[in-house]
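Colleague: I am still new to reading protein models, and I would love a close look at a single part. Could you take me through the sheet slowly, and then show me how the rest fits around it?

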Amino acid sequence: MALSRDEIYEKVKGVLVDALGVDEDEITPNATLIQDLGMESIDALDIVFRLEKAFTTDPTKKFTIPRGELFPEDLESLKNDPNMVQDGKITAAGMAELKKRMPYADFTDFEKDPQADKANVLLTVDAVVNYVQAKLNG
Amino acid sequence: MRWIWIDKFTEFTSKVSATAVKNVSLAEEHLHDLYPAFPIVPHSLIVEGMAQTAGILVGEARNFAEKVILAKIGKAAFHRLVRPGETIAFSAAIQQLSEQGASISGTVTVTSASQATPQPVAEIELMFSHIDQNLAGLEFPEHNFVFTEQFTELLKTYKLSGEIPI
């Protein structure tokens, strides 16, 4: 039977508690992984491994997260592309590219002031839940 | 010195698991550094033994082509001290292995002449990164500074003795 969003959220919460060493009450839907929960670059692989394990319920149908899909890898190089970022702000083309790469993120607030160095706020607990839910639903 | 914190492998199943042992001698100077007149193996060096056992297991899975770096200690829970005269067994099992790295879970036990039944010492979870495949896109020196010439020589002895079946 398909997992409900609440069930997915609880599993994601468990993964983040274990991977980031934070308390359960620090995990909220809007908490950002980097700023609020202290995620570092090496934690990305740890989180991917733990999510794959947590959501693989049938060994014959492994839940896999392709490289760069949940945590896009070359965002730094995009920041140096004048078509994507100008005067520290993400351009319309840059925004389109970001949305393409992070379709699970909520851009509503970020679009109001799209500072390139604040793009990390897109990576929230809810974004991870959205990602997993979309993957599980095929 | 790298890779010599374990004495030998007693089990090695490529891409799956490995067990290595270390005999603890009173002559090892570090045993005397923590508590005067009460020599023990520091917990940090028990983690190092697991890291070397698992590091070789992870490295072998890619024919030692990757630079395998200990990236994270997810868990290290200790239950017992390790004393001179005891033999430590580091057992590591690969939980996940990908292009970018691997996670392992490990158990540490000890035996001695007077205690043949393995006694639990620790549970350790480690994560290794293949650093040339790291997410941050950082560049590292081309030569493999992890699995060095010194390690290659050591590997030959493992192969000759049949400890690592490769």
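**The sheet in chain B**

Modeller: Gladly! In this predicted model, chain B holds an open sheet of six strands, and their order across the sheet is S1-S2-S4-S5-S6-S3, with antiparallel pairing. Two strands of chain B stand at the edges, S1 (8-13) and S3. Each of these has a single partner strand, so one side of each is left without a neighbour in the sheet. From one strand to the next, the twist averages 20 degrees.

Let us walk through some of the pairings. Strand S4 of chain B covers residues 86-97 and strand S5 of chain B covers residues 101-112; the two run antiparallel and are joined by 11 bridges. To find one of these pairings on your screen, look for B:Ala89, whose bridge partner in S5(B) is B:Thr109.

From S5(B) we can step over to S6(B). These two strands also pair in the antiparallel sense, over 11 bridges. Here you can pick out B:Val110, whose bridge partner in S6(B) is B:Gln119. How many residues does the hairpin between S5(B) and S6(B) run through? The hairpin joins the two strands through two residues.

Next comes the step out to the edge. Strand S6 of chain B spans residues 115-130, and nine bridges join S3(B) to this strand, again with the two running antiparallel. B:Phe78 is a good place to look, since its bridge partner in S6(B) is B:Ala122.

Now let us stop at one residue of that edge strand. B:Ile73 is found in strand S3 of chain B, which covers residues 68-78. Is B:Ile73 buried, exposed or partly exposed? To answer, count the other C-beta atoms within 10 Å: 20 or more would make a residue buried, and 12 or fewer would make it exposed. B:Ile73 has 14 such atoms, so this residue is partly exposed.

What lies around B:Ile73? Leaving aside its neighbours within four places in sequence, B:Ile73 is in contact with B:Val47 and B:Leu126. B:Ile124 is another residue to find: B:Ile73 and B:Ile124 are 51 residues apart in sequence, yet 7.6 Å apart in space, C-alpha to C-alpha. While you have a strand on screen, it helps to remember that in a regular strand the side chains alternate between the two faces of the sheet.

With the sheet in mind, we can zoom out to the whole of chain B. The secondary structure of this chain comes to two helices and six strands. Along the sequence they follow the pattern β-β-α-β-β-β-β-α. Among the contacts in chain B with a separation of 6 or more, 68% are between residues 24 or more positions apart. Of the 166 residues of chain B, 36% count as buried. The C-alpha atoms of chain B fill a box of roughly 50 × 35 × 25 Å along the principal axes. A compact globule of 166 residues would have a radius of gyration near 15 Å, and chain B has 16 Å, so the value agrees.

Finally, let us turn to chain A. This chain has five helices and two strands, and read along the sequence they give the pattern α-α-α-β-β-α-α. Chain A is divided into domain 1 (1-71 + 124-138) and domain 2 (72-122). The C-alpha centres of these two domains of chain A lie 22 Å apart. Where the domains meet, 10 residues of domain 1 of chain A are in contact with eight residues of domain 2 of chain A. On the domain 1 side, the residues that touch domain 2 of chain A are five nonpolar, four polar and one charged.

And how do the chains meet? 13 residues of chain A are in contact with 13 residues of chain B. On the chain A side, the largest share, eight residues, comes from helix H2 (residues 41-54) of chain A. By class, the side of chain A that touches chain B has five nonpolar, one polar and seven charged residues.

Terms used: Residues are numbered from 1 along each chain as its sequence is written. Chains are lettered from A and ligands numbered from 1 in the order in which they are written. This is a predicted model: local features need pLDDT of at least 70, side-chain atom pairs count only at pLDDT 80 or more; totals for chains, interfaces and linings use all residues. Domain bounds come from an automatic or database domain assignment. Two residues are in contact if their C-beta atoms, placed from the backbone, lie within 7 Å. Ala, Val, Leu, Ile, Met, Phe, Trp, Tyr, Cys and Pro count as nonpolar, Asp, Glu, Lys and Arg as charged, and the others, Gly among them, as polar. Helices (H or I, at least four residues) and strands (E, at least two) are DSSP runs, numbered from the N terminus. Two strands pair if DSSP finds at least two bridges between them. Axes are lines fitted to C-alpha atoms, for helices over the stretch in contact, and angles run from 0 to 180 degrees between N-to-C directions. The radius of gyration is taken over C-alpha atoms; the globule rule is 2.2 Å times the number of residues to the power 0.38.
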